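Here's a quick briefing to read with the structure open beside you. Take it topic by topic and click along as you go.

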Amino acid sequence: MKKSLIALAVAGAMTAPMIAQADATLYGSLRVKMVDTDLQEMDIADNSSRIGIKGSSDLFSGAKAIYQFEQFINTEAGAWGGGRLAYIGATGDFGTVQIGRMWTPYALWTVFTTDIVDNGTSGDSGYIIGAHRTPETLAYISPNMGGFQFAGAVLTSDSDDTSDSEVAENAGVDVAHVAAKFEAAGFMGAVSYLDYDEDAVKFGGNVYNDVASLGLSYTLGDLYLGARYEDRDLVSADDQDAWELAGSYTMGHTTLLANYIDDDIRDDAMWSLEAQQKLGKQARVFASWVDYGDNNDGVEVGYRVDF
């Protein structure tokens, strides 16, 4: 027993400096909310909690190797909830190359322009097609060239049997993806194009030919405005359009937010009004009034702590 303890102590002492040299950061966000709507009695639920590790290390060329691994956490069960991110790559003067499971440029540059609230409408329309965070992806993002960047990605097929529902929904997908972004003086404009293989089945069983998206945002001091448009060309169904508007205004530790979503996949539009209150550098609460459409209104109140 004593020998085992001594060995463990020695291993720990040797591992600590190795971790420090790897420049690794442990991070996470625990998020819980209370929901009470016309169609759902009061419930305390997880609100997309997660934990991860990310970091970088120097390469001989002067570039950096990068990595990130992130998991859902189910605060209701007190257990792991499934995979979010798992990629490796390299970044330098040439730009950034990543391979694995990652946020796509489609998400980073268009979806996130309006994904700003803590309530259940956050990112809703952009996540419909399942191309926001994808497995088996190879992506390149250019360096910033006077405010302009471009990106390309390939989302490859996956025929593996898996219990991860999000991976399963993306299974069998072959997508070519290009995007571009320009930022200057508080303004950001981005375009994204996803070209689907004819056999690519996506979220909800829909089969897409292509999806084109536009994201716009403007920041002026404490004011933020975001807008998003998406056109989805389906193989054997009517094409779909989606509009999103979002805005926020910060006054000290208080932020007031609103968003509006009109997506053809639903009969009614969705909107919400939200107030966020910072309690510290890494903790905040929020309260929202949400119209989910389909005669379903309600309130959401939540608390999150980041680390």
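Strands β8 (residues 148–155) and β9 (residues 175–184) run antiparallel and pair through eight bridges. Keep in mind while you look around that this is a predicted model. Overall, the protein has 17 strands along with four helices.

**The β8–β9–β10 stretch**

- To find the β8–β9 pairing on screen, look for Val154, whose bridge partner in β9 is Ala176.
- β9 also pairs with β10 (residues 187–196), again antiparallel, and here there are ten bridges.
- A handy marker for that second pairing is Val178, which has Tyr193 in β10 as its bridge partner.
- β9 and β10 make a hairpin with two residues between the strands, and Ala185 in this hairpin has a positive phi near 50°.

**Aromatic rings around β7 and β8**

- How many aromatic pairs does the model have? The count is five.
- One of the pairs is Tyr140 with Phe150, a tilted arrangement with 6.0 Å between ring centres and 55° between the planes.
- Tyr140 sits in β7 (residues 133–141) and Phe150 in β8, so this pair ties together parts that are ten residues apart in sequence.
- Phe148 and Phe150 pair up as well, also tilted, at 6.5 Å centre to centre and with 35° between the planes.
- Put those ring pairs together and you get a cluster of Tyr140, Phe148 and Phe150.
- Are these rings buried or exposed? Tyr140 has 27% relative accessibility, so it counts as partly exposed.
- Phe150 is partly exposed too, at 37%, and Phe148 gets that label with 35%.

**The β15–β16–β17 stretch**

- Further along the chain, β15 (residues 270–280) and β16 (residues 283–291) are antiparallel and joined by nine bridges.
- Ser272 is a good place to start, with Val290 in β16 as its bridge partner.
- There are two residues between β15 and β16, and the two strands form a hairpin.
- β16 then pairs with β17 (residues 297–306), antiparallel once more, over nine bridges.
- In that pairing, Trp289 has Val299 in β17 as its bridge partner.
- The β16–β17 hairpin has five residues between its strands, and Gly293 there takes a positive phi near 80°.

**Arg84, a buried arginine**

- Arg84 belongs to β5, the strand that covers residues 79–92.
- Is Arg84 buried or exposed? With 5% relative accessibility it falls under the 20% cut-off, so Arg84 counts as buried.
- The side chain of Arg84 makes a polar contact of 2.4 Å with the side chain of Glu70.
- Setting aside neighbours within four places in sequence, Arg84 touches Arg50, Glu70, Gln71, Phe72, Arg101, Trp103 and Arg133.

**Asn209, at the start of a strand's range**

- You'll find Asn209 in β11, which spans residues 208–220.
- Asn209 has 32% relative accessibility, so it is classed as partly exposed.
- Which residues does Asn209 touch, leaving aside neighbours within four places in sequence? They are Leu194, Asp195, Tyr196, Asp233, Leu234 and Val235.
- Asn209 and Leu194 are 15 residues apart in sequence, and their C-alpha atoms are 8.6 Å apart in space.

**The protein as a whole**

- Of the 307 residues in the protein, 42% are buried.
- The accessible surface adds up to about 16000 Å², and carbon and sulfur atoms account for 60% of that.
- Taking contacts between residues at least 6 apart in sequence, 48% join residues at least 24 apart.

**How far to trust it**

- The mean pLDDT is 89, and 85% of the residues reach 70 or more.
- Residues 1–20 have pLDDT below 50, and this stretch has one contact in the model beyond near neighbours in sequence.
- Residues 159–173 also have pLDDT below 50, but with 33 contacts beyond near neighbours in sequence.
- Where pLDDT is low, the predicted coordinates shouldn't be read in detail.

Notes: Residues numbered from 1 in each chain as written. Heavy atoms only, no water. Buried < 20%, exposed > 50% of the residue type's maximum accessible area, 1.4 Å probe, protein only. Polar contact = N/O pair within 3.5 Å; in protein donor to acceptor, adjacent residues only side chain to side chain. Contact = heavy atoms within 4.5 Å. Areas by Shrake-Rupley, 256 points an atom, 1.4 Å probe, with all protein chains shown as cover. pLDDT = per-residue confidence, 0-100. Pairing = 2+ DSSP bridges. Phe/Tyr/Trp six-rings, centres within 6.5 Å; stacked < 30°, edge-to-face > 60°.
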